[in-house]
Amino acid sequence: MSFQLTSKDYVTYIKQAAQLIAENKEYISDLDAATGDGDHWANINMGFEKLVSNEDELSVLSVGDMFKKIGMLMMATIGGSSGVLYGSAYIAGAKVLSGQEYIDDQNLCTVLEAMVTAIMQRGNAQPGFKTMIDALYPAVETYKDGLEIGLDTKQILENVKKASIEGAESTKDMEAVKGRACYQANKGIGHLDPGAVTMSYQIKTLIEYILGKLQ
Amino acid sequence: MKKIINNPQDVVTEMLQGMVKAHPDLVYFKENEVIARKNKTKKVGIVSGGGSGHEPAHAGYVGKGMLDAAVAGNVFASPSPDRIIKGIEEANTGEGVLLVIKNYSGDIMNFSMAKDLAEMDDIRVETVVVKDDVAVKDSTYSTGRRGIAGTVFVHKVAGAKAEQGASLDEVKAVAEKVIANVRSMGMAMTPCILPGVGKANFVLDENEIEIGMGIHGEPGVERSNIKTAAEIAEILLDKILSDFDYSNSEIAIMVNGLGATPLMELYILNNEVEKILTQKGIKIYKTYVGNFMTALEMSGCSLTLLKLDEELKELIDAPCNTPALKGGE
């Protein structure tokens, strides 16, 4: 089984992710109120709203140019650390996709790996720091493992989705090393990291969208 | 909150609009909150920036012999890469651009992202990170030492070097030399009020001061009762001199006000600083007293020492003409 996503497809995924983020306003805001500034939901929601409002322009770009444009829009709209981290991720993904016609089963893993590497380098952070990386890094590792042992695409994608959700869940027991939560006495232990949760929403939505296209 | 403002949302834009009206040789790009020189010459471009609230840093240092562009973030918040890119584009004349960054996590991320984007557009960009504050090892917004008033010496020296026609590598090297030889230490007496927040960002008692406080109100090293100018000079110098060996050196010093401290007090402090340095046999080549790197209306000061060699002396003395620093002509 294989898949090919055009820019128009990816924008469809963006709209679905935007909707899931929008629906979880209270949940994400509550998580953030416990550990952070309380503004994560508002910022990321604003970023996704901005992407959706630019859907016509994004849909007609090549996949590489679309990724770059998404990165620029997210940086300018989300602001702060999240904005530049998402921006870095998408621009790293754009470099992988440069000259490619589709996002497909041949390049998606490489794109996601470039994205998580960019976030880790830019944020000077590692898995286990109680950040969005904890929802993306295990997904990428699972993807690579699946390709290496030759699982079929559907199985790989399902594993990736599961790894991302479990990765976000795992932040509950972690001590924050970066960001606002690390200045708290208990370092945010006992609370999910809101950035990891919104990241897992994106991975989950993307994978479900691709699974829908497979069948 | 008592401030001469309109809407707190508009303080950065309206400040920069007011600034270009006072300094017509500067140009303002509202979309990106960038101030740049109107008249460009072909040379290495120097760009700095960061959160607003530290005026005259950084837009006040745009002009001949210092910066080519300054990028403003919101109050105490880093500018985003799309703004910084505009600053880079305005400063670029084909010889490459040096970014002078203060060591705060947000600034590092946003400026390094902007560097990557500029390089995708084939503009050569190098960065230097200023971390002159000896007060604390790590801080609320930084990994490693914070960048404070010593940054102004980097602007001055790198700007002068670029004006001489040096290459990007040479300009970066001399900026690194300043960073290696500059140390600062500050103290605060009253907090500051962010326009968008409306109340003080920390509390100090009537007679209390905090040694080593950062320019955003980040914690310092100790709180104590108010001291004399002589004692404050001694405390700040002790910390600096125990970190870096300035003995038998020629130095430039900067006695910097944080915003609400009168020049009278800064000169009194300078008088004490000079006595101690002279007694220790450290030769003062040049002295700057004034408000160079502020923290809104915080009262307090910082003291910066820069060890000079012949090259740095020449560049410190070189002409500059900016809203906040002029001389040498």
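Start where the two chains meet: select the 17 residues of chain A that are in contact with 15 residues of chain B. Keep in mind that this is a predicted model.

Show both sides together. Chain A and chain B bury about 1,300 Å² between them. Carbon and sulfur atoms carry 64% of that area.

Next, pick A:Arg122 and B:Asp116. Their side chains meet in a salt bridge, at 2.5 Å from N to O. Across this interface the rule finds one salt bridge. It also finds two residue pairs in polar contact, both at pLDDT 80 or more.

Now colour three helices of chain A: helix 5 (63-78), helix 6 (80-97) and helix 7 (108-123). Each supplies at least two residues of the side that touches chain B. Stay on helix 6 of chain A, which gives the largest share of that side, eight residues. By type, the residues of the side of chain A that touches chain B are seven nonpolar, five polar and five charged.

Leave the interface and move to helix 2 of chain A, residues 25-35. Which residues are buried here? Select A:Ile28, A:Leu31, A:Asp32 and A:Thr35: these are buried. Look down the axis of helix 2 of chain A. The buried residues fall within an arc of 95°, so they line one face of the helix.

What do these buried residues pack against? Show helix 3 (40-53) and helix 10 (194-214) of chain A: the buried residues of helix 2 pack against both.

Finally, turn to the other side of helix 2 of chain A. There A:Glu26, A:Asp30 and A:Ala33 are exposed.

Note on methods: Residues numbered from 1 in each chain as written. Chains lettered and ligands numbered in written order. Predicted model: local features only at pLDDT ≥ 70, side-chain atom pairs only at ≥ 80, totals over all residues. Heavy atoms only, no water. Contact = heavy atoms within 4.5 Å. Buried area = accessible area lost by both parts, 1.4 Å probe. Salt bridge = Lys/Arg side-chain N within 4 Å of Asp/Glu carboxyl O. Polar contact = N/O pair within 3.5 Å; in protein donor to acceptor, adjacent residues only side chain to side chain. Helix = DSSP H or I, 4+ residues; strand = E, 2+ residues; numbered from the N terminus. Nonpolar A, V, L, I, M, F, W, Y, C, P; charged D, E, K, R; others polar. Buried < 20%, exposed > 50% of the residue type's maximum accessible area, 1.4 Å probe, protein only. Arc of directions from axis to C-beta.
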